[in-house]
Amino acid sequence: FYVFQYDIGSAYKFEFAMDINDMDYVGDDCIVATGNTLRRWAYEYSDDDGTPIECKIISRQFITPYKFITKYFDTYFEPVDKDDETDVKIAIVNRQFALRLNDKHRIKHFYTDTRGFEVIISCNSPHYINNLVLYLTEI
């Protein structure tokens, strides 16, 4: 099930254990129609009957005929539960980093060169991405 967010030109892919007929937002909640039932999906839930819900964001692919030289990430993640110590995992150019949700503002230095990449962010705890900037140079 794909949801397109028009204001930032981004799409989300949601995978559910059942067939989804429709989705709609009501206030801060998302109502999911599946079969002949309605289910409420909200930030306060971090599992589905005990199974953690994994959130994964995959960017578009960035490709150049030249090379990208990566320098560092400037990140600011905010957990819904302020005491949450879950890790956010960031994967880029065959490297992975884990950052704590409750550390707020983090700068992660890493240097590599590549002709193309995508950024994958995953976490199984509700959170907000307030800032995610990758500093790089194209040569």
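Cysteine 30 is buried in the predicted model, its relative accessible area being 4%. This residue takes part in no disulfide; the cysteine sulfur nearest to that of cysteine 30 belongs to cysteine 55, at a distance of 13 Å. Cysteine 123 is likewise in no disulfide, and its nearest cysteine sulfur is again that of cysteine 55, here 7.4 Å away. Because a disulfide requires two cysteine sulfur atoms within 2.5 Å, the separation of 7.4 Å does not qualify. With a relative accessible area of 3%, cysteine 123 is buried. A search extended to the whole structure returns zero disulfides.

Cysteine 55 and cysteine 123 are nevertheless related through the backbone, as bridge partners, with cysteine 123 lying in strand S13. Strand S13 comprises residues 120–123 and runs antiparallel to S8, to which it is joined by four bridges. Both strands belong to an open sheet of four strands, arranged in the order S8-S13-S10-S11 with antiparallel pairing. The edge positions are taken by strand S8 (55–58) and strand S11 (95–100). Each of these edge strands has a single partner strand, so one side of each remains without a neighbour in the sheet. On average, and with direction ignored, neighbouring strands of this sheet are turned by 15 degrees against each other.

Aromatic contacts were examined next. The structure holds six aromatic pairs. One of them is formed by phenylalanine 68 and phenylalanine 117 in an edge-to-face arrangement, with 5.4 Å from centre to centre and 80 degrees between the planes. This pair connects distant parts of the chain: phenylalanine 68 lies in strand S9 (residues 62–79) and phenylalanine 117 in strand S12 (residues 105–117), a separation of 49 residues. Phenylalanine 68 has a relative accessible area of 10% and is buried; phenylalanine 117, at 8% relative accessibility, also counts as buried.

Phenylalanine 73 and phenylalanine 110 form another aromatic pair, which is stacked, with a centre-to-centre distance of 5.4 Å and an angle of 25 degrees between the planes. This pair, too, links distant parts of the chain, as phenylalanine 73 is located in strand S9 and phenylalanine 110 in strand S12, 37 residues apart. Phenylalanine 73 counts as buried at 1% relative accessibility, and phenylalanine 110 is buried with a relative accessible area of 2%. In addition, ring pairs link Phe62, Phe68 and Phe117 into a cluster.

Methods:
Residues are numbered from 1 along each chain as its sequence is written. This is a predicted model: local features need pLDDT of at least 70, side-chain atom pairs count only at pLDDT 80 or more; totals for chains, interfaces and linings use all residues. Side-chain values use heavy atoms; hydrogens and water are left out. Two strands pair if DSSP finds at least two bridges between them. Helices (H or I, at least four residues) and strands (E, at least two) are DSSP runs, numbered from the N terminus. Axes are lines fitted to C-alpha atoms, for helices over the stretch in contact, and angles run from 0 to 180 degrees between N-to-C directions. Rings of Phe, Tyr and Trp (its six-membered ring) pair if their centres lie within 6.5 Å; planes under 30 degrees apart count as stacked, over 60 as edge-to-face and the rest as tilted. Buried means under 20% relative accessible area, exposed over 50%, partly exposed in between (1.4 Å probe, protein chains only).
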